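Hi,

Here is the structure I said I would pass on. Have a look, and my notes follow below.

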Amino acid sequence: MHTMSPEDITRAALASVEATPDARLKEIMGSLVRHLHAFASEVKLTEAEWFQGIDFLTRCGHITDDKRQEFILLSDVLGLSMLTVALNNDKPAGCTEATVFGPFHVEGAPHYPLGADIANGAPGTPCAVHGSVRGLDGRPVPGAVLDVWQSDAEGLYDVQRPGLDHAQARGVLTADGDGRFHFRSILPVPYCIPHDGPVGRMLEATGRHPWRPAHLHFRVQAPGYETLITHVFAAGGEYLDSDVVFGVRRSLVCEWKPQADGSWRLDFDFVLNPVQAGAGGAGGGA
Ligand code: BEZ
Ligand code: FE
């Protein structure tokens, strides 16, 4: 066999996926091989560097379990999660924008009646959240289901507290017949994404901080509308301009207002995109 040039190797690797029966998989694999080879060629990747890369990915795998997802974090801090959200959520003007899902959503959170305190004992400054869910045509969406989750005053989600055996600062609420909802919770604060693993080391090595600005997470679902996965960010807070996962959208920044009794109040209205005939109900990011 004669010596292969770098270009020959790329050509051979591309040819190896040519027979992929699934057309979309063929497109993805071809593009992946092309871009990976272009990347390695552009930086003239050394063998030592490639082993370091493999070691990094191996460490991401080893630290990942059912509570810790290092690969989502990696995708988030590289901007890949937000890019995927942007590519797949090109909603008409007037709709609430989508942002990253993040790793702390829990399927099957407790259901609460409107007005309940979803903090459920989580430490924090009390606040009330009021709002409505409407369609793009302005009509209310009765019975819209809102899944809410947030960190506590110490910047931790309940799933990050090993001894805790019940949900805190998360819950599912159903909007009333006018699409309105309200609940009590606690003020969100800025927090660090988990940075005690390989992704944290990568942030350090590239001179980046691990902080996210204060926010509440929402997943809003209703039949006939695209599922919306988004946050509401606290206006005036730190890190709005340097969110480590690139999730901030200006339209999602809102003011929590101080109340006479020392608590706070947020008012926020969601506008959902109707599902186009024949389209699925896609929603938000990784
Ligand atoms: C979050 O907002 O919960 C989150 C998003 C991305 C990475 C880590 C946390
Ligand atoms: Fe969060």
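How far is an oxygen atom of ligand 1 from an N or O atom in the side chain of Tyr-157? The distance is 3.3 Å, which falls under polar contacts (pairs of N or O atoms within 3.5 Å). Tyr-191 has a side-chain N or O atom 2.6 Å from a ligand 1 oxygen, and for His-215 the figure is 3.0 Å. The protein covers 100% of the 260 Å² of accessible area that ligand 1 has on its own (Shrake-Rupley method, 1.4 Å probe).

Before you read on: this is a predicted model, where local features need pLDDT of at least 70 and side-chain atom pairs pLDDT 80 or more, while totals for chains, interfaces and linings use all residues. Residues are numbered from 1 along each chain as its sequence is written, chains are lettered from A and ligands numbered from 1 in written order, and side-chain values use heavy atoms, without hydrogens and water.

Back to the ligand: 13 residues surround ligand 1 (a heavy atom within 4 Å). Asp-76, Tyr-191, Arg-212, His-215 and His-217 come nearest. By type, the shell has seven nonpolar, four polar and two charged residues; Asp, Glu, Lys and Arg count as charged, Ala, Val, Leu, Ile, Met, Phe, Trp, Tyr, Cys and Pro as nonpolar, and the others as polar.

There is also an open, mixed sheet of four strands, ordered β4-β1-β11-β10 (strands are DSSP runs of E, at least two residues, and pair through at least two bridges). Its edges are β4 (180–186) and β10 (257–258). β10 runs antiparallel to β11 (264–272), joined by two bridges, and Lys-257 has Arg-265 as its bridge partner in β11.

Cheers

Technical notes
Polar contact = N/O pair within 3.5 Å; in protein donor to acceptor, adjacent residues only side chain to side chain.
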